[in-house]
Amino acid sequence: MATSGLLAVWSYRVFPDQPSVGFSATVLFLGTGAIVGPALFGALADAWNLRAALMASAAIAVAALSQRPPITTVHEPFASDGSSRRKSV
């Protein structure tokens with residue numbers, strides 16, 4: 001649950017115009033990875049060995065980190081008095 005909360009905040013920062021689409025995409029890819037990842041890891045460990053499977057996992061993680069989206073500036077949706085009007089920038 002904590003990770004879902006962090007993903008919601010992160011997707012709002014990365015995709016400020018469509019945060020729900022960003023959140024849905026991250027949850028979809030995390031769910032897919034949670035299913036496909038262990039299956040591929042097991043197949044790799046059976047085909048070669050555990051060390052090769054761990055090295056491949058580390059290489060994939062490093063490659064994924066290099067492809068992260070840029071952080072954009074967040075525009076505050078609420079005025080400082082708590083009203084729902086947008087601040088002028």
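## A predicted three-helix protein

The protein has three helices and zero strands; helices (H or I, at least four residues) and strands (E, at least two) are DSSP runs, numbered from the N terminus. Read along the sequence, the pattern is α-α-α. This is a predicted model, in which local features need pLDDT of at least 70, side-chain atom pairs count only at pLDDT 80 or more, and totals for chains, interfaces and linings use all residues. Residues are numbered from 1 along each chain as its sequence is written, and side-chain values use heavy atoms, with hydrogens and water left out.

Of the 89 residues, 8% count as buried. Buried means under 20% relative accessible area, exposed means over 50%, and partly exposed lies in between (1.4 Å probe, protein chains only). The accessible surface comes to about 7200 Å², and 68% of this belongs to carbon and sulfur atoms. Such areas come from the Shrake-Rupley method with a 1.4 Å probe; for residues, only the protein chains shown count as cover.

Contact means heavy atoms within 4.5 Å. Among contacts between residues at least 6 apart in sequence, 26% join residues at least 24 apart.

Three residues are compared below by helix and relative accessibility.

| Residue | Helix | Relative accessibility |
|---|---|---|
| Leu40 | helix 2 | 55%, exposed |
| Leu44 | helix 2 | 23%, partly exposed |
| Ala56 | helix 3 | 27%, partly exposed |

Leu40 is found in helix 2, which covers residues 19-47. Together with Ile35 and Val36, Leu40 makes a nonpolar surface patch of about 310 Å². Patches are made of residues with over 30% relative accessible area and no salt bridge; like charges are joined within 9 Å, and nonpolar side chains (Val, Leu, Ile, Met, Phe, Trp, Tyr) within 5 Å. A salt bridge is a side-chain nitrogen of Lys or Arg within 4 Å of a carboxyl oxygen of Asp or Glu.

Leu44 and Ala56 are twelve residues apart along the chain, and their C-alpha atoms are separated by 8.7 Å. Leaving aside neighbours within four places in sequence, Leu44 is in contact with Asn49, Ala52, Ala53 and Ala56.

The largest pocket holds about 480 Å³ of space. Of the 14 residues that line this pocket, the closest to its centre are Gly37, Ala56, Ser57, Ile60 and Ala64. On a 1 Å grid over the protein atoms alone, a pocket is an open set of points where a 1.4 Å probe fits, with protein on both sides within 12 Å along at least five of seven lines; lining residues have an atom within 4 Å of a point. Helix 2 and helix 3 (50-66) each supply at least two lining residues, and helix 3 gives the largest share, six residues.

Technical notes:
Grid points are joined across faces, edges and corners, and a volume is the space filled by probe spheres set on the points.
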